[in-house]
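Okay, thanks for making time this morning. I'd like to walk through one structure with you, so have a look at the screen.

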Amino acid sequence: MHVVLAGRNLIDYEQITSCIMDWIKKIFKGSGQKNSEGHYHGEYAEDPQFYAPSGTGDMWQEHENEEIDRAIALSLLEESQKERNIINDESQLEEDEQLARAIQESLRFEPPPQYENANTFQPIPIHFPMGDRTCSGCNTEIGHGRFLNCLNSFWHPECFRCHACNLPISDYEFSVSGNYRFHKSCYKERYHPKCDVCSHFIPTNPAGHIEYRAHPFWIQKYCPSHEHDGTPRCCSCERMEPQDTGYVALDDGRKLCLECLDSAVMDTKECQPLYLDIQEFYEGLNMKVEQQVPLLLVERQALNEAREGEKNGHYHMPETRGLCLSEEQTVSTILRRPSFGTGNRAMDMITEPYKLTRRCEVTAILILYGLPRLLTGSILAHEMMHAWMRLQGFQTLSQDVEEGICQVLAHMWIATQLDSSSSRDVASTSSSGSSRIRKGKRPEFERKLGEFFKHQIESDTSPVYGDGFRAGNQAVYKYGLRRTLEHIRMTGRFPY
């Protein structure tokens with residue numbers, strides 16, 4: 001019996017299997033009949049071509065051969081189907097292995113290392129030929145070949161670009177800010193803070209953190225090393241200017257930046273117009289100082305010597321910049337402002353001795369020279385309040401009350417200057433009539449400087465000057481200046 005497997009296209013696999021199983025049952029049944037000596041009681045009702053075997057040996061032998069041929073045909077069919085399944089399985093196995101390798105690579109992804117601002121990551125290149133992948137850069141299908149799996153998206157390598165320079169990021173590590181990607185160098189250039197003094201990137205400390213110093217008012221950032229490497233700091237605004245910016249070196253060792261120098265009051269005569277402004281300020285508050293109290297600008301050494309000659313008084317550390325004297329003594333005052341020669345050093349300053357005579361409770365007011373107009377004025381307003389209270393016969397007060405109310409008057413004077421400068425250019429004229437403040441950029445900086453001096457008074461942490469000012473300022477705000485001063489005269493304390 002010949003079976004051509006290739007030509008049996010009209011019978012599907014399930015029908016063949018069903019027929020074969022019937023044939024196998026018949027074979028086993030036939031075998032059982034032979035072993036029982038040919039007795040068979042069954043009957044094929046479904047197929048009239050088949051009859052119960054008669055038990056004759058020849059007829060059974062012919063039937064058995066036919067069944068064997070059919071079984072062989074079944075075996076050949078199964079072998080052919082297995083070969084086709086093996087081919088399909090091998091192809092599927094190869095694809096599964098590729099998928100498994102890709103999954104294994106993705107499982108090897110480690111958390112990206114983080115540096116400095118915790119924004120540095122590692123792109124993961126993957127070979128993954130299966131499935132659709134859309135590039136987040138150009139929005140086209142990636143297909144086969146190399147691509148990056150970064151930031152929960154897929155990218156062509158040439159589409160993964162730096163937000164700053166727009167060049168592809170091919171480095172092993174990159175940085176992220178928000179939704180933007182950067183080369184590490186581009187990120188550092190844009191976001192890593194630079195020192196305002198040396199213009200270099202502020203270095204990290206041993207723990208790997210960026211550590212810098214910052215001025216609380218000017219928001220100036222600088223390397224911690226500049227606090228100890230001799231970098232000069234302005235004695236007025238307290239800023240550390242860039243290294244290529246010039247400073248003026250005063251003869252008492254102080255450094256003055258060029259912006260503060262522009263409005264600095266340098267000698268006693270130059271300060272007299274400002275003194276008149278302060279007197280008018282007090283008269284406007286109905287607190288006129290009746291006696292003519294000498295005002296002298298002095299060097300640091302002369303100020304310190306005069307302080308030692310006073311029996312009473314409290315002085316603001318670390319440096320005293322003004323004094324209200326009550327004792328008779330001789331003070332060296334600045335008669336003519338210095339000039340500045342080679343290296344911006346002060347020179348040719350002329351001083352003369354000035355003998356103080358006690359005609360009242362106040363013998364003189366001394367102010368440190370070389371400070372900007374607004375700072376000089378605020379110090380003078382403070383010392384004038386000391387003079388006014390002594391001349392008005394106030395009893396000896398506690399330091400926080402006396403210094404506190406004097407700071408309130410200094411703060412009030414600066415506030416009036418800032419209010420007036422908002423509507424017009426403030427000009428301080430020297431004895432020669434030259435304008436100390438020019439229009440344009442200069443008034444803008446002086447206003448900022450005045451805000452800084454206000455900030456210094458408000459943020460002072462000392463228990464005498466700082467806490468005293470805040471208690472006095474609150475009392476004046478609540479009860480007014482006149483009632484506050486009356487309460488201080490009677491009780492020696494601020495009203496609450």
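So, a question to start with: of the contacts in the protein chain with a separation of 6 or more, what percentage comes from residues 24 or more positions apart? The figure is 56%. Keep in mind as we go that this is a predicted model.

Some bookkeeping. The protein chain has 496 residues, and 39% of them are buried. In terms of elements, you're looking at 11 helices and 19 strands.

Let me go to one sheet. Three strands make up this open sheet, in the order S12-S18-S13, and the pairing is mixed. Strand S12, residues 295-298, and strand S13, residues 322-325, are at the edges; each has a single partner strand, so one side of each has no neighbour in the sheet. On average, neighbouring strands here are turned by 20 degrees against each other, ignoring direction.

Now the pairings one by one. S12 pairs with strand S18, residues 364-368, in the parallel sense, over four bridges. S13 and S18 also pair over four bridges, but in the antiparallel sense. Which residue of S18 is the bridge partner of leucine 297? That's isoleucine 367. And if you come across from glycine 322, the bridge partner in S18 is isoleucine 367 again.

While we're on S13, look at where the side chains go. Gly322 and Cys324 point one way from the strand, Leu323 and Leu325 point the other way, and all of them are buried.

Next to isoleucine 367 in the numbering is leucine 366, and I'd like to stay on leucine 366 for a moment. Setting aside neighbours within four places in sequence, leucine 366 contacts Leu296, Val298, Leu303, Ala306, Arg321, Gly322, Leu323, Leu325 and Val331. Leucine 366 also turns up in the largest nonpolar core, which has 81 residues: Leu256, Leu366, Met385 and Ile405 are the ones that touch the most other members. Which helix gives the largest share of this core? Helix H7, residues 373-391, with 10 residues. There's also a second, separate core of 11 residues, and among them are Ile169, Phe174, Val176 and Cys186. As general background, nonpolar side chains tend to be buried together in soluble globular proteins.

Okay, aromatics. The count of aromatic pairs is 11. Take phenylalanine 147 and phenylalanine 154: they form an edge-to-face pair, 5.4 Å centre to centre, with 65 degrees between the planes. The two partners sit in distinct settings. Phenylalanine 147 is buried, at 1% relative accessibility, whereas phenylalanine 154 is partly exposed, with a relative accessible area of 26%.

The other pair I picked out is tryptophan 218 with phenylalanine 452. This one is tilted, with 5.5 Å centre to centre and 40 degrees between the planes. Why does the pair tie together parts that are far along the chain from each other, 234 residues apart in sequence? Because tryptophan 218 lies in the loop between strand S7 (213-214) and strand S8 (221-222), while phenylalanine 452 is in helix H9, residues 441-459. Both tryptophan 218 and phenylalanine 452 are buried. They also belong to one aromatic cluster, made up of Phe217, Trp218, Phe445, Phe452 and Phe453.

Back to phenylalanine 154 for a second, as there's a charge there too. Arginine 133 lies over the face of phenylalanine 154, 4.9 Å from the ring centre. You can find a similar arrangement at tyrosine 369, where arginine 254 lies over the face at 5.2 Å from the ring centre.

Last stop, two backbone oddities. Asparagine 139 is not a glycine, yet has a positive phi of about 60 degrees. You'll find asparagine 139 in the loop between strand S2 (124-127) and strand S3 (146-150). Is asparagine 139 buried or exposed? Exposed, with a relative accessible area of 61%.

The other one is glutamate 238, again not a glycine, with a positive phi of about 70 degrees. Glutamate 238 is in the loop between S8 and strand S9, residues 247-249. At 30% relative accessibility, glutamate 238 counts as partly exposed.

That's my tour. Over to you for questions.

Notes:
Residues numbered from 1 in each chain as written. Predicted model: local features only at pLDDT ≥ 70, side-chain atom pairs only at ≥ 80, totals over all residues. Heavy atoms only, no water. Pairing = 2+ DSSP bridges. Axes fitted to C-alpha atoms, helices over the stretch in contact; angles between N-to-C directions. Phe/Tyr/Trp six-rings, centres within 6.5 Å; stacked < 30°, edge-to-face > 60°. Buried < 20%, exposed > 50% of the residue type's maximum accessible area, 1.4 Å probe, protein only. Lys NZ or Arg CZ within 6 Å of the ring centre and 35° of its normal. Core = buried A, V, L, I, M, F, W, Y, C linked by side-chain atoms within 4.5 Å. Contact = heavy atoms within 4.5 Å.
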